[in-house]
Amino acid sequence: MKEKIWDITGLVLSLLLAVGSLTFFRACDSEEGRHMACHWAQNAVTLIGIVLAVQSLAKLLTRHKGVKAGLAIGIATLAAAVIFIPGTAINLCMMKTMRCHTVFRPAVTVVSSLLAAVSVIDAVTNLKRLGKEK
Amino acid sequence: MKLKTLPLKNLVKKPFRTGALVLIAALMTIALFGGSVASASMKNGLDSLEKRLGADIIVVPEDAEAKVELENILLQGTPGYFYMDKSIEDKISAIDGVELTSPQYFLVSANAECCSVKVQIIGFDEESDFAIKPWLKQCYDGTLGENEIIVGSSLSTKVGHTLKLYGIECKAVGKLDATGTGLDTAIYTTPDTVHTLIKASQEKGIGVLAKQSPDDVISSVYIKVKDGYDISEVAGAINLQVDGVEAVRTRSMITGTADRLSSISGSIGIIRNAVWILSAVILTAAFSVLAGVRRREFAIMRTIGFSRKQLGAEVFSESGIICAGGILAGILLTSVTVFPFGNLIEQQTGLPYLSPNIFSNIRYALFAAAAVLLTGVISSAYSAYRLSRADTGNILREGD
């Protein structure tokens, strides 16, 4: 069970990124049927959140330490990349008082940073265990 | 087994007990660190607003809505507009005690190109201005050309980039310092550019929320009072001698905000101290109960050769590790909530909010860490004393 803690934490954070970016920490709402600039950043974050959730689920189900370490490294780099989607890779709205700046971007930064940190710890732990097994 | 690792191993063997104590220490850290940062941010915001307004008096049209709208523009960034005749500035300049006057013209843009949001556009007179240019973070060559703008710090437009307003590409040539107020969300430009924007909006058939030209009207006049003159008296003279205007002392305008800020800061202070005292009491009680539960364990350790000093050190080490865990968790949790969500806190409280610089934040974190560590050590001191002084023989016989 102890070994699964990092896997479960990673899966929860990935799901939080995918679901949260569409719901409780979504970007600005569309008005008059027009999407604002941040809408595309939100779509990108949701899509990558889904990919991260699938990878995290695969990591939870597999027992091979090497595969787990490889997936953890992939998740860590992808999560770190997500931090730069809102505002850097894809523009947000013009005013920093808007929802995409006050809620969406900080929430994505915090969740992605935690996911990256958890995945790095998981990768190191699995690589150490793999080394001991050999 | 190394003796140095014994406290950590003891804690790891009892994960729920350790977790609960770490949680209490974390709550104490959050209250101390988060409370200090939040109070300092609000105080910074108010100080910044007071400095940033720059003028001693602001003159607005006499109708009751104008003053409220000016406060909304300045404090909350809610776009607004109101007008009075341009000749009023000359009348004000002639009043004894008035040193400098600078008119401003307020315009509210319809939705900007990228987003469904209204933007406050402030037209100011570059020659007489003393309130905006001193706060330029990134300098420009001194004069604003055609379709050139200065942007507030909360606009994501960078210097050198353009912002499309009513189809006109406006080039940002300067950016103002952050104030944590509504002034951060405005665009500043010359009356000529304002003129161009109004014309462009009419051509595009977009309703602009202003009907009068900056050639005929102004929205407000910023006034600097001569040294030696009483600001209230000058404001009174303006109210008496100029019809249709209201002269507001900038200090009195932010008094309401200062009062609200003071009451919120007071509440934060009370919560912070209450959590601190409560946590200290819970920690003392927890360590005391644990000392009773672990009497036999410590008696055995004494029998196998641990000195009283070593037993005391064991208790202090355990409480130190618990506090260190709580401090780390507390600082991490505060950092991921208070700092990234500063803008949200500003919006929800409706108060100016400006985070302290990194060195101040480090100072607050160190203070919180020292306070939590000291509280933990003091809380465990009595338990350490009781355990190290207990009669080993009696305790072991009790268990037979």
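# A walk through chains A and B

Start with chain A, whose elements run α-α-α-α from the N terminus on. Keep in mind along the way that this is a predicted model.

**Stop 1: chain A as a whole.** Select chain A and show it as a cartoon. You should find 4 helices and 0 strands. Turn the chain around: along its principal axes, the C-alpha trace spans about 60 × 20 × 20 Å.

**Stop 2: two helices of chain A.** Now pick residues 65-83 of chain A, which form helix H3, and residues 99-133 of chain A, which form helix H4. How do their axes cross? At roughly 160°, coming within 8 Å. Angles over 145 degrees count as roughly antiparallel, so H3(A) and H4(A) are roughly antiparallel to each other. The crossing in which H3(A) passes H4(A) is left-handed. If you colour the contact between H3(A) and H4(A) by residue class, you get 16 nonpolar, 6 polar and 5 charged residues.

**Stop 3: the domains of chain B.** Hop over to chain B. Give one colour to 3-47 + 258-398, which is domain 1 in the domain assignment, and another to 63-243, which is domain 2. How far apart do the C-alpha centres of these two domains of chain B lie? They are 49 Å apart. Where the domains touch, domain 1 of chain B brings 7 residues and domain 2 of chain B brings 5 residues. Together they bury about 420 Å², with carbon and sulfur atoms giving 51% of that area. Show Gly350(B), Pro352(B) and Leu354(B) as sticks: these three supply 66% of the area that domain 1 of chain B buries against domain 2 of chain B, more than any other three residues.

**Stop 4: H2 against H10.** Stay in chain B and select residues 15-53 (helix H2) plus residues 308-338 (helix H10). Their axes come within 7 Å and cross at roughly 45°, so H2(B) and H10(B) are oblique to each other. Here H2(B) passes H10(B) in a right-handed crossing. For a look at the contact, bring up the side chains on H2(B), including Leu21(B), Ala25(B), Ile30(B) and Phe33(B), and their partners on H10(B), among them Ile322(B), Gly326(B), Ile327(B) and Leu333(B). Which classes turn up in this contact of H2(B) with H10(B)? There are 14 nonpolar and 8 polar residues, with no charged residues.

**Stop 5: H8 against H12.** For the last pair, select residues 255-293 (helix H8) and residues 358-389 (helix H12) of chain B. They pack at an angle of about 25°, with their axes 9 Å apart. That angle makes H8(B) roughly parallel to H12(B). The crossing of H8(B) and H12(B) is right-handed. Zoom in on the contact: H8(B) offers residues including Trp276(B), Leu283(B) and Phe287(B), while H12(B) meets them with a set that includes Thr375(B), Ser379(B), Arg386(B) and Leu387(B). Sorted by class, this contact of H8(B) with H12(B) holds 7 nonpolar, 8 polar and 1 charged residues.

Conventions
Residues are numbered from 1 along each chain as its sequence is written. Chains are lettered from A and ligands numbered from 1 in the order in which they are written. This is a predicted model: local features need pLDDT of at least 70, side-chain atom pairs count only at pLDDT 80 or more; totals for chains, interfaces and linings use all residues. Side-chain values use heavy atoms; hydrogens and water are left out. Axes are lines fitted to C-alpha atoms, for helices over the stretch in contact, and angles run from 0 to 180 degrees between N-to-C directions. Angles under 35 degrees count as roughly parallel, over 145 as roughly antiparallel, 65 to 115 as roughly perpendicular and the rest as oblique. A crossing is left-handed if the near helix is turned anticlockwise from the far one by less than a right angle, and right-handed if clockwise. Ala, Val, Leu, Ile, Met, Phe, Trp, Tyr, Cys and Pro count as nonpolar, Asp, Glu, Lys and Arg as charged, and the others, Gly among them, as polar. Domain bounds come from an automatic or database domain assignment. Contact means heavy atoms within 4.5 Å. Buried area is the accessible area (1.4 Å probe) that two parts lose on being put together, summed over both.
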